[in-house]
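Here are my notebook entries from an afternoon with this model. I kept them short, so you can follow along with the structure open.

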Amino acid sequence: MHALSLPYPDDLLLISGKTPHALEAELSFLLAAKLFELHRLSLGKAAEFCNMPKIRFMFELGRINISAINLDDDQIADELRDD
């Protein structure tokens, strides 16, 4: 597995009020959420990316106003179409 190292200034810790571990977990979640929102990762893969159970990831998406149902217009139309 590959790893990403992202330097951040000490004052980001102060501003966030979080521990280094908590801030890094939040940043990992935000990256996973954005990749999910952009359809680059599935819900399951995004949750796995940030080491979260899928149901918690879905809950946290709601906290930052990202819908857990990430379908494009054609997929929604297919779901609503009568067979």
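**Entry 1: Phe57 and the core**

I settled the word contact before anything else: heavy atoms within 4.5 Å. I also noted that this is a predicted model, where local features need pLDDT of at least 70, side-chain atom pairs count only at pLDDT 80 or more, and totals for chains, interfaces and linings use all residues. Residues are numbered from 1 along each chain as its sequence is written, and side-chain values use heavy atoms, with hydrogens and water left out.

Then I looked up what Phe57 touches, not counting residues up to four places away in sequence. I found Phe29, Ala32, Ala33, Phe36, Leu43, Ala46, Ala47, Cys50 and Met52.

Next I looked up the largest nonpolar core (a set of buried Ala, Val, Leu, Ile, Met, Phe, Trp, Tyr and Cys residues joined through side-chain atoms within 4.5 Å). For burial I used relative accessible area: buried is under 20%, exposed is over 50%, and partly exposed is in between (1.4 Å probe, protein chains only). The core has twelve residues, and Phe57 is one of them, as are Leu61 and Ile66. H2, H3 and H4 each supply at least two residues of this core. H2 has the largest share, with four residues. My helix labels are DSSP runs numbered from the N terminus (helices are H or I, at least four residues; strands are E, at least two).

**Entry 2: The largest pocket**

I wrote down the pocket rule in full. On a 1 Å grid over the protein atoms alone, a pocket is an open set of points with protein on both sides within 12 Å along at least five of seven lines, while a cavity is a set where a 1.4 Å probe fits but cannot get out; lining residues have an atom within 4 Å of a point. Points are joined across faces, edges and corners, and the volume is the space filled by probe spheres set on them.

The largest pocket holds about 720 Å³ of space. It is lined by 25 residues, and Glu24, Leu27, Ser28, Phe29 and Phe49 are the closest to its centre. Which helix gives the most to the lining of the largest pocket? I found that H2 does, with nine residues. Helix H2 spans 20-37, helix H3 43-49 and helix H4 54-63, and each supplies at least two lining residues.

I sorted the lining by residue type, where Ala, Val, Leu, Ile, Met, Phe, Trp, Tyr, Cys and Pro count as nonpolar, Asp, Glu, Lys and Arg as charged, and the others, Gly among them, as polar. The split came out as 13 nonpolar, five polar and seven charged.

**Entry 3: Salt bridges**

I counted three salt bridges, each a side-chain nitrogen of Lys or Arg within 4 Å of a carboxyl oxygen of Asp or Glu. A reminder to myself: side chains of opposite charge can pair when their charged atoms come close.

Glu26 and Arg63 form one of them, at 3.5 Å from N to O. This pair links distant parts of the chain, with Glu26 in helix H2 and Arg63 in helix H4, 37 residues apart. Arg63 also meets Glu60, at 2.4 Å from N to O. Both Arg63 and Glu60 lie in helix H4, three residues apart, about one turn of the helix. I therefore logged Glu26, Glu60 and Arg63 as a network of salt bridges, which the definition of the bridge supports.

Is Glu60 buried or exposed? I read a relative accessible area of 12% for Glu60, so I marked it buried. Leaving aside its neighbours within four places in sequence, Glu60 is in contact with Phe29 and Met52. Its partner Arg63 is partly exposed, at 44%.

Lys34 forms a salt bridge with Glu37, with the closest N and O atoms 3.0 Å apart. Lys34 and Glu37 both lie in helix H2. Lys34 is partly exposed at 42%, and Glu37 counts as partly exposed at 33%.

**Entry 4: Lys54 and two loop residues**

Lys54 is in helix H4 and is partly exposed at 47%. Not counting residues up to four places away in sequence, Lys54 touches Leu43, Gly44 and Ala47.

I then checked backbone angles. His39, in the loop between H2 and H3, has a positive phi of about 65 degrees although it is not a glycine. Asn51, in the loop between H3 and H4, has a positive phi of about 55 degrees and is not a glycine either. His39 is partly exposed at 47%, whereas Asn51 counts as exposed at 71%.
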